[in-house]
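This report concerns a predicted model. Its subjects are salt bridges, surface patches and the burial of selected residues.

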Amino acid sequence: MKILANDGISKSGIIALEDAGFEVITTKVAQEQVANYINTNNINVLLVRSATKVRKDIIDNCPSLKIIGRGGVGMDNIDVEYAREKGIHVINTPAASSDSVAELVFAHLFSGVRFLHDSNRLMPLEGDINFESLKKAYAAGIELRGKTLGIIGFGKIGKSVARIALGLGMKVIASDKFIGKAEIRVDFYNNQFINVEITTEPIEDIFKHADFITLHVPAQEGYLISKDQFEVMKDGVGIVNASRGGIIDEVALVDALDSGKVSFAGLDVFEDEPKPAVQVLMNPKISLTPHIGAATLEAQDRIGTELAEQIISILKTEK
């Protein structure tokens with residue numbers, strides 16, 4: 001059987017699949033050529049990340065497909081229910097990248113509270129001539145310890161964010177439509193741990209009480225945060241979005257940043273990918289990364305291994 005990993009797969013995943021007798025192809029096929037490539041090469045498994053879209057046209061026109069795999073959590077680039085109705089297995093790796101995304105959230109938080117995103121832009125340009133001015137400009141940093149972090153979306157990634165926040169000494173509040181409470185286990189290097197139970201709250205309470213807000217929800221119709229939501233937030237709130245573009249109204253965000261309502265934002269995802277709005281890219285109060293939440297070596301290794309295990313289990317069972 002042949003597997004097309006169109007958006008790549010880790011070496012560990014390739015080895016596991018090849019050891020099980022599968023042929024793994026890592027050729028990058030353009031979106032408009034995916035269906036033709038699958039049919040020409042009799043591909044049985046299509047693996048994607050966020051770049052390749054697997055819509056009805058591919059599902060309908062590729063009878064050899066048995067499995068569609070998403071390396072990561074969100075599957076909004078796949079017509080999941082339609083594929084399953086057609087008898088195709090759809091799999092993902094919801095736990096593999098959680099810690100990597102959570103750490104990126106805190107990279108943005110630390111960057112925001114100490115102005116690293118802006119100082120890293122200006123120090124190379126002005127550090128030798130305006131050192132004292134820059135030192136003064138960035139002198140009003142704050143600590144995360146003791147502050148309240150509001151987590152919207154309390155799934156695997158949200159819980160990973162909570163673990164780090166608790167370890168830093170932050171107060172954690174959370175909101176989730178489907179989760180009422182969760183026990184967060186914070187592990188330490190010497191095999192000690194603590195358990196902290198967190199009961200979720202209405203999203204309006206998160207907006208009102210959080211010093212910082214981080215979003216971990218799937219793609220959806222309409223904005224989760226726009227002008228009305230910004231207005232009820234605490235003055236000087238910081239916001240991080242490492243989930244999906246389009247859940248924050250970026251025009252309203254820029255307005256809130258300009259007014260000082262929001263002190264900074266950290267964005268890993270954008271309304272218009274892969275061409276984010278210039279007013280977002282150029283804003284000195286926004287810490288920016290190009291959708292790299294799961295892009296660590298460790299996460300990619302886990303993703304490849306988890307996909308391989310699921311594929312082997314499904315296809316060996318069906319033989």
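The account below takes up the salt bridges, then two surface patches, and finally a helix and a loop residue.

**Salt bridges**

The predicted model holds nine salt bridges. Three of them are set out in the table, each with the separation of the nitrogen and oxygen atoms.

| Pair | N to O distance |
|---|---|
| Arg244 and Asp76 | 2.7 Å |
| Arg84 and Glu81 | 3.9 Å |
| Asp211 and Lys234 | 2.7 Å |

The salt bridge between Arg244 and Asp76 connects distant parts of the chain, with the two positions 168 residues apart in sequence numbering. Arg244 belongs to the loop between strand S11 (237-241) and helix H11 (250-259), while Asp76 belongs to the loop between strand S4 (67-70) and helix H4 (80-85). The two partners differ in exposure class: Arg244 has a relative accessibility of 13% and therefore counts as buried, since the class requires a value under 20%. Asp76, with a relative accessible area of 37%, is partly exposed.

The salt bridge between Asp211 and Lys234 also links distant parts of the chain, here 23 residues apart. Asp211 is placed in the loop between helix H9 (203-209) and strand S10 (212-215), and Lys234 in the loop between helix H10 (227-232) and S11. Asp211 counts as buried because its relative accessibility is 19%, the limit being under 20%. Lys234 has 32% relative accessibility and so counts as partly exposed.

Arg84 and Glu81, by contrast, both lie within helix H4, where three residues, about one turn of the helix, separate them. In an α-helix there are 3.6 residues a turn, so residues three or four places apart point the same way. The side chains of Arg84 and Glu81 meet at 3.9 Å, N to O. For Arg84 the relative accessibility is 40%, which means that this residue counts as partly exposed. Glu81 is exposed, its relative accessible area being 53%.

**Surface patches**

A patch of negative charge on the surface gathers Asp99, Glu103, Glu298 and Asp301. Helix H5 (98-113) and helix H13 (297-318) are the elements that each give two or more residues to this negative patch. Asp99 lies in H5 and is partly exposed, with a relative accessible area of 44%. That value satisfies the requirement for patch residues, because they must have over 30% relative accessible area.

A nonpolar surface patch of about 380 Å² is made by Phe188, Tyr189 and Ile194. Of these residues, Ile194 is located in strand S9 (residues 193-199). Ile194 has a relative accessible area of 40% and is therefore partly exposed.

**Helix H1 and Met233**

Which residues of helix H1 (residues 11-19) are buried? They are Gly13, Ile14 and Leu17. These buried residues cover an arc of only 100° around the axis, so they are on the same side of H1. Lys11 and Asp19 are exposed on the other side of the helix.

Met233 occupies the loop between H10 and S11, which is also the loop that holds Lys234. With a relative accessible area of 3%, Met233 is buried. The C-alpha atoms of Met233 and Gly74 are separated by 27 Å, and the two residues are 159 residues apart along the chain.

Conventions:
Residues numbered from 1 in each chain as written. Predicted model: local features only at pLDDT ≥ 70, side-chain atom pairs only at ≥ 80, totals over all residues. Heavy atoms only, no water. Patch = residues over 30% accessible without salt bridge, like charges linked within 9 Å, V, L, I, M, F, W, Y side chains within 5 Å. Areas by Shrake-Rupley, 256 points an atom, 1.4 Å probe, with all protein chains shown as cover. Salt bridge = Lys/Arg side-chain N within 4 Å of Asp/Glu carboxyl O. Lys, Arg positive; Asp, Glu negative; His and termini not counted. Charge placed at Lys NZ, Arg CZ, Asp CG, Glu CD. Helix = DSSP H or I, 4+ residues; strand = E, 2+ residues; numbered from the N terminus. Buried < 20%, exposed > 50% of the residue type's maximum accessible area, 1.4 Å probe, protein only. Arc of directions from axis to C-beta.
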